[in-house]
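Thanks for coming. I have one structure to go through this morning, starting with a term and then moving to charged side chains.

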Amino acid sequence: RSVIAGLYAAKYPAHLNRMVLIGPMPPNIAKQYPPHLTCADSTLAEVLGRLAQMQKARQSSSPPQDPQAACEEFWSVLRPIYVVNPADAVRINWGRCELANERNAMQYWSEVILPSIQKLRLSAEKLATAKAPVLIVHGTKDRSSAYGGARDWTMMFPNGRLVTVHDAAHAPWIEKPDLVFGAIQTFLDGQWPGTAEKVAD
């Protein structure tokens, strides 16, 4: 979604007043970031391992697992990566497994959407026409989208600033609601929040 928003901002600058990106994926998904700009920790490794085991078990199961049950199991395993405090994982309810078109969303993501995004090569030059203010909010312990990507987005947008949410993962509004919602409200009211900074490198 962040990539789509960035492309839209550059192509239709007159249609955009201001924009907020929360935990955006890096503008160039293949870029590798140093450890302090990403969060490939033991929680992520454990979750990925459990997902691999779950996929292997599904392939050998007979009869096949009920699609809705499979979707719910997948999200129950995945959701801990989106928060720092494990107790907050129960607040992640993004699967929408009751909807048939959502049950294979990850397969569609990996087979169609992601390969398309990987072909893009975004740069400051390509986003130069996106003059509207852009507020980027990102947790430093985001395991899903590297924090380094948020810094890159901020530098690429001509009028971008970054709110860094320390000790928060991909859902910073859950872990630091006052900081996140306060910054967004100030920004939508027409001002830069005091926590927003320009990024030079």
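One term before anything else: a residue is called buried when its relative accessible area is under 20%, exposed when the value is over 50%, and partly exposed in between. Please also keep in mind that this is a predicted model.

Let me apply the term straight away. Arginine 96 has a relative accessibility of 37%, so it falls in the partly exposed class. Its side chain forms a salt bridge with that of glutamate 102, at 3.9 Å from N to O. The cut-off for a salt bridge is 4 Å. Glutamate 102 is partly exposed as well, with a relative accessible area of 22%.

Now the overall picture. The protein has 7 helices and 4 strands. Read from the N terminus, the order is α-β-α-α-α-β-α-β-α-α-β. The radius of gyration is 18 Å, and the globule rule gives 17 Å for 201 residues, so the protein is as compact as a globular protein of that length. The C-alpha trace spans about 55 × 35 × 35 Å along the principal axes.

How much of the protein is buried? Buried residues account for 41% of the 201. As for contacts, take those with a separation of 6 or more: 73% of them are between residues 24 or more positions apart. The accessible surface is about 11400 Å², and carbon and sulfur atoms contribute 53% of that.

On to charge. There are 21 positive and 18 negative charges, and their mean positions lie 6 Å apart. How many salt bridges does the structure hold? The count is 6, and the pair I began with, glutamate 102 and arginine 96, is one of them.

Another joins aspartate 152 to lysine 31, with an N to O distance of 3.0 Å. This pair connects distant parts of the chain: aspartate 152 sits in helix α5, residues 147-156, while lysine 31 is in the loop between β1 and α2, and the two are 121 residues apart. Is aspartate 152 buried or exposed? Its relative accessibility is 11%, so it counts as buried. Lysine 31, on the other hand, is partly exposed at 40%.

A further bridge is between aspartate 167 and lysine 141, at 3.2 Å from N to O. Here too, distant parts of the chain are linked: aspartate 167 belongs to the loop between β3 and α6, lysine 141 to the loop between β2 and α5, with their positions 26 residues apart. Both ends are partly exposed, aspartate 167 at 43% and lysine 141 at 32%.

Next, a charged residue without a bridge. Arginine 151 is located in helix α5. This arginine is buried and has no salt bridge; glutamate 197 is the nearest side chain of opposite charge, at 4.3 Å. Leaving out residues up to four places away in sequence, arginine 151 touches Leu37, Leu162, Glu197, Val199 and Asp201.

Glutamate 197 comes up once more, in the last residue on my list. Threonine 164, in strand β3, has a relative accessible area of 14%, so it is buried. With the same sequence neighbours left out, threonine 164 touches His138, Thr140, Tyr147, Leu179 and Glu197. Where is threonine 195 relative to threonine 164? The two are 31 residues apart in sequence, and their C-alpha atoms are 7.7 Å apart in space.

That is the end of my list.

Conventions: Residues numbered from 1 in each chain as written. Predicted model: local features only at pLDDT ≥ 70, side-chain atom pairs only at ≥ 80, totals over all residues. Heavy atoms only, no water. Rg over C-alpha atoms; globule rule 2.2 N^0.38 Å. Buried < 20%, exposed > 50% of the residue type's maximum accessible area, 1.4 Å probe, protein only. Contact = heavy atoms within 4.5 Å. Areas by Shrake-Rupley, 256 points an atom, 1.4 Å probe, with all protein chains shown as cover. Lys, Arg positive; Asp, Glu negative; His and termini not counted. Charge placed at Lys NZ, Arg CZ, Asp CG, Glu CD.
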